[in-house]
Amino acid sequence: MGEPVAKDFNDKTPASVWARACVHRPLWVDDVPALHTPLCKKLPKRVDVLVIGSGYTGLNAAIETVRDGRSTLVLDAGSAGGGCSSRNGGQISTSVKPSYAALAARHGGARARALRDEGKAALDWIEERIVKERIDCDFRRCGRFHAAHTPQMYQSLCQQSETLASEDGIESHTVPRHEQRQELGTDAYHGGLIFPHHAALHPAKYHRGLLNTALAAGAQMMEHCPVLSVEKEAGGFVVTTEQGKLHARDVVVATNGYTGAALPWWRRRVIPIGSYVVATEPLPKDLVDTLFPTDRIASDTCKVVYYYRTSPDRRRVVFGGRVSAGELDTQRSAPRLYADMCRIFPELRSYGLSHSWMGTVAYTFDEIAHTGRHDGMHYAMGYCGSGVSMASYLGMRVGQKVLGRSEGRTAFDDLPFPTRPLYTGKPWFLPPLVAYYRWRDKRQHEAAKADA
């Protein structure tokens, strides 16, 4: 049984109190097993394949190329998997954000169908990868409860369920508000939609499993080695890093929300957005069973979405979302997330937090992922908040493309990858946009409450 560490925390609690109440690192890294193979300490002079970025995209690409006999080096500016691959919520969907109708208007019906189908393929594939490689990462097909934050949104979800079945073949079913507590122990929502095939995993265990798999196959991994520039040369590329230069026949760009100035074309096309997460201290079993009776993952229909779940051992609630217009440190984000969490689950006000952290996801201007080849370099990025399965899947496909295999083709290949005038990678437009959406979500909540 978890014991309360604080009473009646709220968004007025000083940041210093929160700093003492929780640690500022991902809950997930506390459970990461040891590496099976040492990491590379000296930069090699030449490799067949250089992968820039050691997250899900980069490691899945590396597994493909090294198993085909290509010498493969994965570089990261920070620690291995120190980006969002060890910082996300561990939720997996079939999501391709634009609807079939929106995609068909842009790209035609056939391409739209193929793009939507890739979301389902990515979820099925990641399960196959985990099983085949025997990665111990608490993967489970638990399903998702997608909660309606207003009565109008519940009606929209009812319509969406019918559309998803007819257009995409995606199974879902609605849960009215009077049955909501059978799925989620709260009265804060107005019903919701169940996606029975959505899944969850332990993100850091999954990443460590991928890293061990890549290293066991013969790939090299070098941490704390930022890339400074990439230039073409005869037969490949010369890559300058803080640890020296190396030559590579092929380069894979797998930096997503952490794309830096050394890769300006890609940096202009992804929008880095901080997503913030907290974990509660260990909770009583009966409380967890009340709040999450079916142990599904959960999200809501707010424009600035919240996502949450139990930890794999069902001892904690892990709660994430966007808490401000601009970026914050995790001492300041913790009390804000705590207040939002307790609005949904008032029972948690008797319990404190153990961890607070954040990670950077990458959105794109057209809200879909992108993969292809630019200036001779392969890439995949811009997963728009659905990166666990899609980053893994497209990373694998990029590895196949490097090998020249036809099965590497995807519906995302070589779509126009838009940017905006004057955008260089710093989303100056994001704070006012997020502020507006948070204001709108709050107004809708208040209106729904008044009408109840």
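Okay, quick definition before we start: when I say helix, I mean a DSSP run of H or I, at least four residues long, and the helices are numbered from the N terminus. Keep in mind, too, that this is a predicted model.

Let's begin with helix 4, residues 109-133. Does the distance between its ends agree with its 25 residues, or disagree? At 1.5 Å a residue, helix 4 should span 36 Å, and its end C-alpha atoms are 36 Å apart, so the two agree. Just after helix 4 comes arginine 134, and the phi of arginine 134 is positive, near 55 degrees.

Which residues of helix 4 are buried? The list runs Ala112, Leu115, Arg116, Glu118, Gly119, Ala122, Leu123, Trp125, Ile126, Arg129, Ile130 and Glu133. You'll hear several of those names again in a second.

Now for what helix 4 packs against. Take helix 10, residues 387-402: the axes of helix 4 and helix 10 are 8 Å apart, at an angle of about 80 degrees. Since roughly perpendicular covers 65 to 115 degrees, that makes helix 4 roughly perpendicular to helix 10. On the helix 4 side of this contact you've got Glu118, Gly119, Ala121, Ala122, Leu123, Trp125, Ile126 and Arg129, and they meet Val388, Ser389, Met390, Ser392, Tyr393 and Met396 from helix 10. Sort the residues of that contact by type and you get 9 nonpolar, 3 polar and 2 charged.

Then there's helix 5, residues 151-168, whose axis comes within 11 Å of the axis of helix 4, crossing at roughly 105 degrees. So here, too, helix 4 is roughly perpendicular to its partner, helix 5. Who meets whom? From helix 4 it's Arg113, Arg116 and Lys120, and from helix 5 it's Leu164, Glu167 and Asp168. The split for this contact is 1 nonpolar, no polar and 5 charged.

Next, a quick stop at helix 6, residues 203-217. With 15 residues at 1.5 Å each, helix 6 should span 21 Å, and its end C-alpha atoms are 21 Å apart, so that agrees. How many of its residues are buried? It's 13 of the 15, so call helix 6 mostly covered. Following helix 6 is glycine 218, with a positive phi near 115 degrees.

On to the aromatics. The structure holds 17 aromatic pairs. Look at tryptophan 28 and tryptophan 357: their ring centres are 6.4 Å apart and the planes sit at 75 degrees, so this pair is edge-to-face. Where are the two partners in the chain? Tryptophan 28 is in the loop between helix 1 (15-21) and strand 1 (46-52), and tryptophan 357 is in strand 16 (residues 353-363), so the pair ties together parts that are 329 residues apart in sequence. Both tryptophan 28 and tryptophan 357 are buried. Another edge-to-face pair is tryptophan 428 with phenylalanine 429, at 5.3 Å centre to centre and 80 degrees between the planes. Is tryptophan 428 buried or exposed? Its relative accessibility is 59%, so tryptophan 428 counts as exposed.

There's an aromatic cluster as well, made of Phe292, Tyr306, Tyr308, Phe319 and Phe345. Remember Tyr308 and Phe319, because isoleucine 344 touches both: setting aside neighbours within four places in sequence, isoleucine 344 is in contact with Thr186, Ala188, Tyr189, Tyr308 and Phe319. Isoleucine 344 itself lies in helix 9, residues 330-344, and is buried, with a relative accessible area of 0%. Its C-alpha is 8.9 Å from that of glycine 185, although the two are 159 residues apart along the chain.

Two last residues. Threonine 280 is in strand 12, residues 271-280, and at 1% relative accessibility threonine 280 counts as buried. Beyond neighbours within four places in sequence, threonine 280 contacts Arg316, Val317, Met341, Gly352, Leu353 and Ser354.

Finally, proline 418 is in the loop between helix 10 and helix 11 (430-451). Proline 418 has 24% relative accessibility, so it counts as partly exposed. Again leaving out neighbours within four places in sequence, proline 418 is in contact with Arg269, Phe365, Asp366 and His370. For histidine 370, the C-alpha to C-alpha distance to proline 418 is 10.0 Å, with their positions 48 residues apart in sequence.

That's my tour, thanks.

Notes
Residues numbered from 1 in each chain as written. Predicted model: local features only at pLDDT ≥ 70, side-chain atom pairs only at ≥ 80, totals over all residues. Heavy atoms only, no water. Helix = DSSP H or I, 4+ residues; strand = E, 2+ residues; numbered from the N terminus. Buried < 20%, exposed > 50% of the residue type's maximum accessible area, 1.4 Å probe, protein only. Contact = heavy atoms within 4.5 Å. Phe/Tyr/Trp six-rings, centres within 6.5 Å; stacked < 30°, edge-to-face > 60°. Axes fitted to C-alpha atoms, helices over the stretch in contact; angles between N-to-C directions. Parallel < 35°, antiparallel > 145°, perpendicular 65-115°, else oblique. Nonpolar A, V, L, I, M, F, W, Y, C, P; charged D, E, K, R; others polar. Expected span 1.5 Å × (residues − 1).
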